[in-house]
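Visitor: I would like a close look at a single part of this protein. Please set the scene first, then go into detail.

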Amino acid sequence: MALLLLRNRKASALGIPRILRDNVEPFSLNSEKIIGAFASVDVIIRSYCSGSGMKKFDFTDLTRPHTWYPLARKKVRKVILHVGPTNSGKTHQALSRLESSSSGIYCGPLRLLAWEVAKRLNKANVSCDLITGQEREEVDGAKHRAVTVEMADVVSDYDCAVIDEIQMLGCKTRGFSFTRALLGICANELHLCGDPAAVPLIQQILQVTGDDVKVQSYERLSPLVPLNVPLGSFSNIQTGDCIVTFSRHEIYRLKKAIESRGKHLCSIVYGSLPPETRTRQATRFNDASSEFDVLVASDAIGMGLNLNISRIIFSTMKKFDGVELRDLTVPEVKQIAGRAGRYGSKFPVGEVTCLDSEDLPLLHKSLLEPSPMLESAGLFPNFDLIYMYSRLHPDSSLYGILEHFLENAKLSENYFFANCEEVLKVATVIDQLPLRLHEKYLFCISPVDMNDDISSQGLTQFATNYSKKGIVQLREIFTPGTLQVPKTQAALRELESIHKVLDLYVWLSFRLEESFPDRELAASQKAICSMLIEEFLERLGWQKPRVKKVTPRPKLNSAVVSRC
Ligand SMILES: Nc1ncnc2c1ncn2[C@@H]1O[C@H](COP(=O)(O)OP(=O)(O)OP(=O)(O)O)[C@@H](O)[C@H]1O
Ligand SMILES: [Mg+2]
């Protein structure tokens, strides 16, 4: 096994799932900025706590979050809400405006969407950087950037900004990053794309900012037809079908069941596949000349993506949400179904059905119902507030500070406090280490999956080594040259986890550059992981007994593996 596991396995029992995972950047942790910001924060604290006119400042008062972003508040932003059903051209319209702007930023919920946008802008000769928690692809002279929403920049001035899938501000875990982008981005024009269910809440939130808000409504560009007959049997699968399920085990089972009939080959997309593997699988499905003409996917395809899907088939209408097996919600059904028959794809009409007839009534009902109106948006204190609070309570652990915020935070009715259960779990581990507050905070918001043993051990090992030596060599936790094509599902799962640890190293290397010096090695090992996973996917299931016409891709070279 490539990872040298922790001696103390206790840490792995602390599960940190995916909450504030995709790198929240409410505070840029680069040393110069930290010192500068801390100095100004100290001035604020002194001014509140010194002298006879001392006034007690309540740092847990989060009722006026729009005041956290003074740069954005200097402008009256022209906010355009592009709302309508899926596949109605909302994002397209906002991107057209972004393309013609003198400078701009696109913020999306998925790396895949940010990639798509950077590609589109660069193709249109508008130089555009791609910035996600783990990637920085900078283009010379670029004045535009496509980012994942957690990387939204609230300290620069843009001509135009786009926040895609804005209804996600109601998401319990990631919502606060959308709120931060909504309140904090400083731009002349701010385009928000999403579900009409978010309109009243956004209008209410922006009442206090003084922005000029307009709503532009859209209709679906091509029809989406709910079918009255279920798929019934896999022998009815056709080219362009996408079958949706929510467990990894089911995805592999369905791929095998479809391919064993000898008519179709399946690409697969699910959340824990490395993002680059997901992109290649989706691209291969989209490519009309590829033999991979069917897609088996989880709801990882559910947001904003443009795929060549003719028919969505729900293999189930239930999903395990970490607590219980529940029915899919109306927005989930609409989002997923909305991937069929995208305008401009080779399928002008989209269809949607279920595998079993008993699921059809819920599908039909969900497609007819409007999404429930959003009532509040996520909020989380930025690092400045946490730091200020810590200065007044110097003995508090990060866990203690966060817990205090959680219990005492005062919010207006438009907001809810982000679910930070998972961050608290990391804080209990990190608080054991002799680290400064901002370092602890950084590890707490890193993209670690503490539900995953290997991933959580990776984080603990990185933080422990960092606290002891100030430098973390990748080789201390990872032995290059030991990666292999997985032969079993368990080995595949392990390789996916190793990919997550390498991804975490790369994430940390962008924030603690000198202390995590092996970014290139980690990135190259990550690439090898995804190639090996793809190798596994290709070997899996039934293969047509003839020469395959597959798009050339780098062959796995064992010499490369052992050299790295
Ligand atoms: N005016 C247009 N001209 C050409 N293509 C368009 C136009 N409007 C939309 N499209 C294309 O139609 C497809 C769907 O558009 P878009 O992605 O903007 O929809 P959307 O409303 O954002 O959907 P979703 O809610 O699923 O994100 C895209 O491939 C887009 O490029
Ligand atoms: Mg869109």
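Visitor: What percentage of the 564 residues in the protein is buried? After that, take me to the helix pair α11 and α14: how do their axes cross?

Guide: A word on the source: this is a predicted model. Buried residues make up 46% of the 564 residues. The protein has 18 helices and 18 strands. Take the contacts between residues at least 6 apart in sequence: 79% of them join residues at least 24 apart.

Now the pair. Two packed helices are described by the angle between their axes and the distance between the axes. Helix α11 spans residues 383-392, and helix α14 spans residues 437-444. Their axes come within 11 Å and cross at roughly 140 degrees. Angles over 145 degrees would count as roughly antiparallel, so α11 is oblique to α14. The crossing of α11 past α14 is right-handed.

Look at the residues in contact. From α11 come Phe383, Ile386, Tyr387 and Ser390. From α14 come Leu437, His438 and Tyr441. Sorted by class, this contact has five nonpolar and two polar residues. It has no charged residues.

For another view of helix packing, turn to α3, residues 90-99. Its buried residues are Lys90, Thr91, Ala94, Leu95 and Leu98. Seen down the axis of α3, they fall within an arc of 115 degrees, so they line one face of the helix. The buried residues of α3 pack against several elements. The strands are β1 (78-83), β2 (104-108), β5 (144-148), β6 (157-163) and β7 (186-194). Helix α4 (111-123) is also a partner.

Technical notes: Residues numbered from 1 in each chain as written. Chains lettered and ligands numbered in written order. Predicted model: local features only at pLDDT ≥ 70, side-chain atom pairs only at ≥ 80, totals over all residues. Axes fitted to C-alpha atoms, helices over the stretch in contact; angles between N-to-C directions. Helix = DSSP H or I, 4+ residues; strand = E, 2+ residues; numbered from the N terminus. Parallel < 35°, antiparallel > 145°, perpendicular 65-115°, else oblique. Left-handed = near helix turned anticlockwise from the far one by under 90°. Contact = placed C-beta atoms within 7 Å. Nonpolar A, V, L, I, M, F, W, Y, C, P; charged D, E, K, R; others polar. Buried ≥ 20, exposed ≤ 12 C-beta atoms within 10 Å, placed from the backbone. Arc of directions from axis to C-beta.
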